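Work through the exercises below with the sequence and the model side by side, and try each task before reading its solution.

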Protein chains: 2
Amino acid sequence: MNSPIRPPADAALAHGEASALIVRLLPFIGERRLEPGDRLPSERLLAERFGVTRAIVREAIAKLEAMRVVERRPRSGVYLRAESQVGSLDAIVMKADLGLPFDLRESDHLSEFRSILETQAIELACVRRTQEDIDRLDACMSACRERFGRGESIAQPSADFHLAVVAATHNQFLLRAANSCYLATRELREAVFTDPTVCRRSIRDHQKIRDAIVKGSVTLARRAMKDHLHVANHYWRTQFATGEAAAGAASPAKHRRRRGPMTR
Amino acid sequence: MNSPIRPPADAALAHGEASALIVRLLPFIGERRLEPGDRLPSERLLAERFGVTRAIVREAIAKLEAMRVVERRPRSGVYLRAESQVGSLDAIVMKADLGLPFDLRESDHLSEFRSILETQAIELACVRRTQEDIDRLDACMSACRERFGRGESIAQPSADFHLAVVAATHNQFLLRAANSCYLATRELREAVFTDPTVCRRSIRDHQKIRDAIVKGSVTLARRAMKDHLHVANHYWRTQFATGEAAAGAASPAKHRRRRGPMTR
DNA sequence: CGTACCAATCTGGTAATACCAGAAAGCGAC
DNA sequence: GTCGCTTTCTGGTATTACCAGATTGGTACG
């Protein structure tokens with residue numbers, strides 16, 4: 001199983017009324033000026049207000065609770081948590097998943113976070129990589145080249161490569177955090193990685209990174225990764241700005257409802 | 001109602017049948033040898049099997065879905081996702097929250113992850129800290145000293161200090177990731193931070209860190225943080241080992257049910 | 001008056017049941 | 001065999017009801 005470790009399917013939160021309710025719930029919280037510690041309306045009221053069942057409300061709240069956006073107190077109510085302090089990483093990732101936009105500041109912070117993870121990860125990867133890790137890197141490289149040759153976007157195999165690097169640290173926490181980053185930026189990456197210039201540059205950089213890891217040279221690898229991330233973040237920022245400009249009214253991140261047979 | 005500082009209330013996932021079901025569900029997945037991509041039994045079967053309602057099953061699955069442990073495919077089934085690749089950071093944090101044990105390997109990886117976040121964070125903090133950030137650091141220091149003076153555990157204010165450092169980066173992603181780390185280790189930290197030696201050492205180290213941040217000296221701060229983390233991780237590892245040995249009995253703080261080891 | 005106590009009424013937590021629509025499997029007709 | 005129907009799965013949603021803490025309001029008592 002050398003293929004890049006990737007889920008067969010799309011992201012998770014897009015289905016059903018419960019997710020739709022979350023999307024409507026967040027602005028509702030905003031316009032009500034609810035602050036951390038405040039209580040949300042009762043489940044029954046919310047159900048009535050949004051025209052759904054209590055079961056739907058409870059499912060939505062369960063998800064928000066899992067992401068530490070909200071806290072349930074039995075027989076008392078549902079309370080908003082202090083977002084910045086207790087929200088989970090995925091509570092932000094979810095924003096993208098639900099079609100809510102990032103602002104530029106958040107985008108930069110995400111880039112910074114990703115850079116931190118990956119520059120540290122590659123050093124560990126140089127030391128810990130196994131043959132299997134290297135095979136996975138090569139598989140991603142092949143996938144990139146193949147897709148590029150067909151003129152397709154290399155967004156996914158490129159992300160897979162980066163994740164494969166992190167995976168070579170064999171540290172689950174690093175891997176999961178990095179994965180969240182790539183989930184959060186999936187849509188915009190699609191756009192960035194259609195530009196042939198970007199693709200060529202990426203593939204070249206990835207090759208350097210891969211070679212450095214194989215060689216086990218920490219300094220080489222870190223240098224290569226830093227260079228790559230620097231350029232990548234630049235492209236990313238540019239793309240984000242243009243996307244931001246075009247993101248006027250309707251959120252373009254909405255065509256996610258794929259229902260295909262899902263070959264697995 | 002505005003109590004000074006809200007004792008973070010108990011963590012999130014601990015209430016009710018849905019959470020209990022998650023705890024029973026994970027071992028169930030394990031003993032059934034379900035692998036990524038496999039389908040879970042239908043909701044109705046699970047409900048019958050575990051003696052709860054479908055509503056409970058759905059709530060539990062909603063949480064697992066939010067943490068990207070499983071994936072729902074409408075009118076098809078609930079499928080296990082590739083854990084290492086797609087699970088969220090909080091899917092691991094949850095383990096602690098549900099009373100499931102870490103193994104030593106995971107514990108070390110968590111320490112490593114935390115160290116990466118915080119050593120990078122402190123550099124940014126040196127540059128970006130505002131007066132408000134410094135005030136927060138000082139408040140945490142005071143809380144530490146006060147509690148230590150009363151002979152209480154400084155686990156919470158100590159964690160608050162570390163989080164305040166990360167908060168000074170003004171990077172939400174860093175903060176949330178770091179926060180997840182401290183949530184995951186809450187219980188064990190309580191034990192570690194009752195030892196006066198540890199407390200004294202921590203407070204001293206924190207003071208150094210705080211001063212370096214105020215001074216804005218990146219090199220000093222990084223040095224101080226690295227030293228502190230090194231020692232802290234040592235204490236932590238020791239405590240973990242002893243805790244592991246005594247883990248035959250139930251978790252000391254909670255009277256939560258736990259089943260088999262199931263660490264996969 | 002003030003206070004202690006009690007009952008109506010909130011809350012979330014859980015249960016039981018039913019129906020819908022897509023998907024898949026069985027199965028008969030050809 | 002293959003086509004096409006029907007049955008039987010699946011999750012998705014709605015409805016209703018009851019339980020038990022918590023809150024609240026009022027009332028009876030001191």
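**Exercise 1.** Decide whether R136(B) is buried, partly exposed or exposed, and then describe its salt bridge with D133(B).

*Solution.* Start from the cut-offs, in which buried means under 20% relative accessible area, exposed means over 50%, and partly exposed lies in between (1.4 Å probe, protein chains only). R136(B) has 32% relative accessibility and therefore counts as partly exposed, whereas D133(B), with a relative accessible area of 2%, is buried. Next, take a salt bridge as a side-chain nitrogen of Lys or Arg within 4 Å of a carboxyl oxygen of Asp or Glu; in the pair R136(B) and D133(B) the closest N and O atoms are 2.8 Å apart. Finally, place both residues in helix α7 (residues 131–149) of chain B, where, being three residues apart, they are separated by about one helical turn. Helices (H or I, at least four residues) and strands (E, at least two) are DSSP runs numbered from the N terminus.

The model is predicted, and local features need pLDDT of at least 70, side-chain atom pairs count only at pLDDT 80 or more, while totals for chains, interfaces and linings use all residues. Residues are numbered from 1 along each chain as its sequence is written, chains are lettered from A and ligands numbered from 1 in the order in which they are written, and side-chain values use heavy atoms, with hydrogens and water left out.

**Exercise 2.** Which chains does the salt bridge between E65(B) and K63(A) join?

*Solution.* The closest N and O atoms of E65(B) and K63(A) are 3.0 Å apart. E65(B) belongs to helix α3 of chain B and K63(A) to helix α3 of chain A, so this pair joins two chains. Both E65(B) and K63(A) are buried.

**Exercise 3.** Describe the surroundings of DNA strand C, counting a residue as near if one of its heavy atoms lies within 4 Å.

*Solution.* Of the 19 residues around DNA strand C, those that come nearest are R44(A), R54(A), R58(A), E17(B) and T53(B). Sugar and phosphate make up 60% of the atoms of DNA strand C that come within 4 Å of the protein. Then look for polar contacts, here pairs of N or O atoms within 3.5 Å: a polar side-chain atom of R44(A) lies 2.9 Å from a base nitrogen of DNA strand C, and a polar side-chain atom of R54(A) lies 2.8 Å from a base nitrogen of that strand.

Methods
A residue is near a molecule or strand if one of its heavy atoms lies within 4 Å of it. A polar contact is a pair of N or O atoms within 3.5 Å; within protein, one must be able to donate a hydrogen and the other to accept it, and residues adjacent in sequence count only if both atoms are side-chain atoms.
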